[in-house]
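Please find below some notes on the backbone architecture of this model, set out as numbered points for comparison with the coordinates.

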Amino acid sequence: MLKIEDLHVEVDGKPILKGINLELEAGQVHAVMGPNGSGKSTLAYVLAGRDGYEVTKGSVTYKGQDLLEMAPELRAAEGVFLGFQYPVAIPGVSNIYFLKAALNAIRKHRGEDPLDAIDFMKLSKKKAALVQLPDELTKRSVNDGFSGGEKKRNEIFQMAMLEPSLAVLDETDSGLDIDALKVVAEGVNSLRAPDRAMLVITHYQRLLDYIVPDVVHVLINGQIVRTGDKELAKQLELEGYSEVRDASQL
Amino acid sequence: MTEASRQTLLESLPSSFDTGPDWLRALRGRASEALREQGLPTKRTEAWRFTPVRSVVDTEFSREDKDVPALVSELPAGVSIRSLKEVLETQPQLLEGRLDLGGAPSHFAALNTALFRDGLWIDVPKGTVVQAPIEIAHAVPSSSAPGVAYPRVLVTVGESAELTLIEAYSGDESRQLSNSLVEVDLGRDAKMSHVRVHENAGLQVGRVDVRQGPDSRYRSTVVTLGGALLRFDVRCLLQGKGAECELDGVYLIDGDDHVDHHTLVEHQAPNCRSGQTYRGIVSGKATAVFDGVVMVHRDAQKTEAHQENRNLLLSDMATVHTKPHLEIDADDVICSHGATVGSLDEDQLFYLRARGVPEDFALAMLTYAFLESIVDRVSHEPTRLRMREALLSRIPHGDEIRGVT
């Protein structure tokens with residue numbers, strides 16, 4: 001589904017990603033772990049198509065297409081979803097109305113009819129229940145006045161609504177207490193599917209106790225230094241990133 | 001009916017005023033004298049620095065007979081609407097001291113005072129609470145030759161009375177000048193919500209002067225949707241203790257539009273509160289000017305005054321001049337002011353696009369949200385919905401936004 005080959009990315013002329021290789025199959029969940037400043041969020045933003053990230057080398061192929069050539073909204077329409085680390089508040093734009101606009105734009109791209117108001121509300125109620133997002137929050141302005149946990153639940157709610165093929169979840173665990181983490185993780189797990197791939201980006205192993213990955217990559221200083229199974233995450237937790245990095249340099 | 005002769009605005013001032021009550025003749029005389037001394041604004045006139053009116057001053061206009069706005073809503077029970085001309089002829093004493101703008105009018109306001117022939121007096125007597133809004137519409141001149149009209153409205157809201165007034169100005173004939181003046185007098189504990197809509201304003205100079213008694217509440221919502229040349233002033237005198245005013249405004253302009261909004265709040269009494277919140281979206285080669293003043297007099301202790309002007313520039317060719325300022329002579333006050341000129345928030349735009357909303361639609365959603373938050377403060381629901389509708393009809397993708405909201 002997703003093939004990243006020798007990806008080099010600069011921000012303001014400074015190299016951040018220095019040759020990433022990663023292949024993700026449908027149905028798989030991969031975790032990318034790394035310390036602060038290793039390039040985790042850059043990887044997420046490049047996949048979603050944010051401005052300001054210059055790809056100097058390499059390629060990203062998604063479902064056989066050149067992902068890097070596509071506008072962010074086209075990526076979304078083709079099934080790419082980014083769960084933001086810091087979801088922005090948009091006062092005055094209602095969560096539910098914006099999501100309706102997004103969902104219907106995606107449906108249009110797929111050649112499907114827009115959902116009418118009633119079907120949309122039904123779907124929204126069902127999906128909000130998945131992450132225990134109160135009805136009242138779905139109607140408020142996007143992330144406006146939401147707590148950290150509510151913002152993250154809102155991200156997973158949106159993911160559930162848009163049903164992407166590839167979900168990139170950028171530090172979905174940051175700012176969550178253990179109860180909120182469980183709720184969010186359960187929401188994510190309920191969305192695991194044979195035709196859906198997920199790239200879970202995190203600093204801490206804790207999240208991976210709840211969202212158990214098939215493959216774990218360790219990203220340090222813009223490069224994937226180790227790739228392994230879920231046991232690698234546990235090893236990281238015990239030994240820390242420096243040990244793993246040092247070991248990788250042997 | 002149009003008079004055949006065409007004159008510049010200053011030429012049209014008569015040498016003497018021979019009709020009407022003494023006080024009105026004296027008032028018109030003073031206005032006329034002030035105009036002869038000051039002339040009309042030039043580029044060097046500070047308050048008109050960014051809004052050149054040379055072409056208006058030099059134009060020869062014919063006098064249009066359009067000084068009386070039309071009542072386009074039902075007249076609620078308990079409210080009286082009378083012709084100013086008729087009252088001036090039969091009961092002039094009722095209007096004495098109420099058409100004088102609290103002193104010495106200047107420039108276009110003086111011109112209106114000298115030259116208006118008729119107008120409306122809307123009176124809501126003491127204790128009368130009117131739920132349904134009164135709506136008046138200003139006539140669109142029919143002539144294609146340059147014409148000028150001097151609409152004049154007096155609104156008096158008695159003690160503990162309440163009124164919602166909607167004023168609609170439209171007409172895209174840029175050769176027709178409307179120089180309007182609205183005076184509002186709010187008694188103790190009176191409340192008024194005043195919505196003024198300029199749609200495709202052609203050539204407009206307008207001013208609203210409000211005098212507020214103790215504990216009165218006034219909210220002005222100005223919605224300017226395009227304007228070839230518009231200058232609009234709202235001035236609020238907080239004369240009674242505990243009075244509050246909120247002056248809100250939105251402007252959405254494009255092409256060669258030029259709109260200039262001035263606000264002035266004078267805190268003359270203690271314990272008053274005022275807010276000014278203007279937001280604008282400026283595209284194309286349009287120019288927007290905002291100039292807001294808060295004056296706090298020495299005796300106006302415990303004043304709270306806030307002022308904000310935010311602008312979104314959607315084109316490199318668009319221009320915004322913004323100047324919020326405070327003049328404070330009291331020491332126990334809470335005041336804030338600020339102005340911003342910027343483009344849309346990139347983070348917000350990316351968030352919407354990353355979810356699948358096409359870029360131009362995302363831009364429209366953010367643009368609409370920016371302005372709608374001001375219109376949302378109008379408490380009368382049908383009026384609020386109408387203002388939203390007016391915005392949607394102007395914003396790109398308005399239909400689609402309507403479809404999801």
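**Sheet and helices of chain A**

1. In this predicted model, four strands of chain A form an open sheet in the order 2-1-4-5, and the pairing is antiparallel. Strand 2 (14-24) and strand 5 (65-66) of chain A stand at the edges with a single partner strand each, so one side of each is left without a neighbour in the sheet.

2. Within that sheet, strand 1 (residues 2-11) and strand 4 (residues 54-62) of chain A are joined over seven bridges in the antiparallel sense; as for individual bridge partners, A:Glu5 has A:Ser59 in strand 4 of chain A as its partner.

3. Helix 1 of chain A lies across strand 1, strand 2 and strand 4 of chain A, and runs at about 70 degrees to strand 2 of chain A. Because eight of the nine residues of this helix (residues 40-48) are buried, helix 1 of chain A is largely enclosed by the rest of the structure. The buried residues of helix 1 of chain A include A:Lys40, A:Thr42 and A:Tyr45. Just after helix 1 of chain A, A:Gly49 takes a positive phi of about 95 degrees.

4. Helix 3 of chain A (residues 95-109) has 15 residues, which at 1.5 Å a residue should span 21 Å, and its end C-alpha atoms are indeed 21 Å apart, in agreement with that expectation. Eleven of its 15 residues are buried, so helix 3 of chain A is also largely enclosed by the rest of the structure; among them are A:Asn95, A:Phe98, A:Lys100 and A:Ile106. Just after helix 3 of chain A, A:Gly111 takes a positive phi of about 80 degrees.

Conventions: Residues numbered from 1 in each chain as written. Chains lettered and ligands numbered in written order. Predicted model: local features only at pLDDT ≥ 70, side-chain atom pairs only at ≥ 80, totals over all residues. Helix = DSSP H or I, 4+ residues; strand = E, 2+ residues; numbered from the N terminus. Expected span 1.5 Å × (residues − 1). Buried ≥ 20, exposed ≤ 12 C-beta atoms within 10 Å, placed from the backbone. Pairing = 2+ DSSP bridges. Contact = placed C-beta atoms within 7 Å. Axes fitted to C-alpha atoms, helices over the stretch in contact; angles between N-to-C directions.
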